[in-house]
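Let us take a friendly walk through a protein model and see how its side chains meet. Have the sequence and the 3D view ready as you read.

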Amino acid sequence: MNILLTIRAEIICLVIQIFLLVFGILYNRSKTERIFLRICCWGLIHVVFDIITVYTVNHLETVPTRVNWLCHVIFFMAAIMFCYEFLNYIFLISYSEKTAKKLRLISTAVPVLYLILIPFLKIEYLVGRGTNYSFGPCVYAGYGCTVVLFASSVAVIIIRFKELEKNVRRALIPMVMFMAAGVAYQIFVPEFLFTGAEVTLVTMGIYFALENPTERYRSRAFIDLDTSLKSKNCYDEDMAAFKQKYRSGVSAGDVACVVCDLNDLKIVNDTYGHLVGDELIRLAAFLLKDYLKSAYDIYRVGGDEFVAIYVDEEVSKAEQEVEQARNHAIKFHTENGYPLSIAIGFAKSSDGDSVLDVVAAADKNMYQEKAKMKA
């Protein structure tokens, strides 16, 4: 058997892992940078020992048993640590740093337990179809640990699904489905030797979908830095997508829009200063985020103007959430006691409306409410 033909995929994965690690070090500057680099390092170690163990397990007559055992232990430990760091990556993007730190401490029990059990676990070797492979208690325990960590990642994603940004959800869902399929296939077909490729593809997914600096700079242009709401740029792009989606007209109840505008912001700026005015804008953003939870997104489209869009099944919740926002606006005050006064207009689609018709109707209703509030 030509060993280079057997490990040709692993060699490609090794090159890719080195590439991702180098670019992660040079260009990544996110809050998840350290965890991503650890993911890259453990992925690289796993691929290296994937190559080594393919050689050692197919040369049992020349490779000392203890060397073969040690190489396999490092191989499995790297896979466990990769899943461990992946879980902690999910913690960090799903919870506050304080909560993520506590959860990380708890999850450490899995790799620590494997390290404690390793001296008591045996590895055996079988001749498979095309290549030899390892099995036995050490192997089963290694796969068991990766499954526990992976299942925990899936559980966190499900629990925190609505709190995750849409682009994060879109990246994680295919990623975890791919990981689940790969782990299951590897368990049932041990000669497949796919874990190195799986680790590499997941690392690539994290880098290009979540850590890619170019994409992050683009995303930053879609965030209003003062309020953390989506920006006017994002609103324009999303509206273009909605117009394309509903190009033949919107059906009744498919789209709803909320348009909001602060009252008397100019008077506040002139009387109390722009710092108080800016505080009112942030309070309005907090109010909308707090109560319009089912909205597709909330945008700051002007100095004191906001728009929230509801689509499809979430439209049914829109009116109730808008009413809650109106009722609770009265409790929001600046630090010096100046109250938040915000006019809120709401409209939902009728058959044949365009998306712009719904926005225009909500805008009209907002100005009518503003007039009533000032009367």
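## Charged partners and nonpolar cores

Arg38 has a relative accessibility of 28%, so Arg38 counts as partly exposed. Please keep in mind that this is a predicted model. Arg38 has a salt-bridge partner, Glu85, and their closest N and O atoms are 3.1 Å apart. Glu85 sits in helix 4 and Arg38 in helix 3, with their positions 47 residues apart, so the pair links distant parts of the chain. Unlike its partly exposed partner, Glu85 is buried, at 2% relative accessibility.

Glu85 also meets the side chain of Arg104 in a salt bridge, at 3.2 Å from N to O. Here helix 5 (residues 97-107), which holds Arg104, is linked to helix 4, which holds Glu85; the two residues are 19 apart in the chain. Arg104 is partly exposed, with a relative accessible area of 23%. Together, Arg38, Glu85 and Arg104 form a network of salt bridges.

Another pair is Asp224 with Arg300. Asp224 lies in the loop between helix 10 (213-220) and helix 11 (232-245), while Arg300 belongs to strand 4 (residues 297-300), 76 residues away along the chain. Asp224 is buried, at 14%, and Arg300 is buried too, at 13%. The whole structure has 13 salt bridges, including these three:

| Salt bridge | Closest N to O distance |
|---|---|
| Glu85 and Arg38 | 3.1 Å |
| Arg104 and Glu85 | 3.2 Å |
| Asp224 and Arg300 | 3.2 Å |

In general, side chains of opposite charge can pair when their charged atoms come close.

Now for the nonpolar side chains. The largest nonpolar core has 51 residues, and those touching the most other members are Phe86, Tyr114, Leu149, Leu172, Val202 and Ile206. Several helices give two or more residues to this core, among them helix 2 (8-27), helix 7 (137-159) and helix 9 (195-211). Helix 4 gives the most, with 16 residues. What does Phe86 touch? Leaving aside residues up to four places away in sequence, its contacts include Ile39, Leu172, Met175, Val202 and Ile206. Apart from this core lies another, of 32 residues, including Leu262, Val276, Ala284 and Ile344.

Finally, why does Cys257 form no disulfide? The closest cysteine sulfur, in Cys260, is 8.7 Å away, too far for a bond, because a disulfide needs the sulfur atoms within 2.5 Å. Both cysteines are buried: Cys257 at 0% and Cys260 at 1%. The count of disulfides is zero.

How values were computed:
Residues numbered from 1 in each chain as written. Predicted model: local features only at pLDDT ≥ 70, side-chain atom pairs only at ≥ 80, totals over all residues. Heavy atoms only, no water. Buried < 20%, exposed > 50% of the residue type's maximum accessible area, 1.4 Å probe, protein only. Core = buried A, V, L, I, M, F, W, Y, C linked by side-chain atoms within 4.5 Å. Helix = DSSP H or I, 4+ residues; strand = E, 2+ residues; numbered from the N terminus. Contact = heavy atoms within 4.5 Å. Salt bridge = Lys/Arg side-chain N within 4 Å of Asp/Glu carboxyl O.
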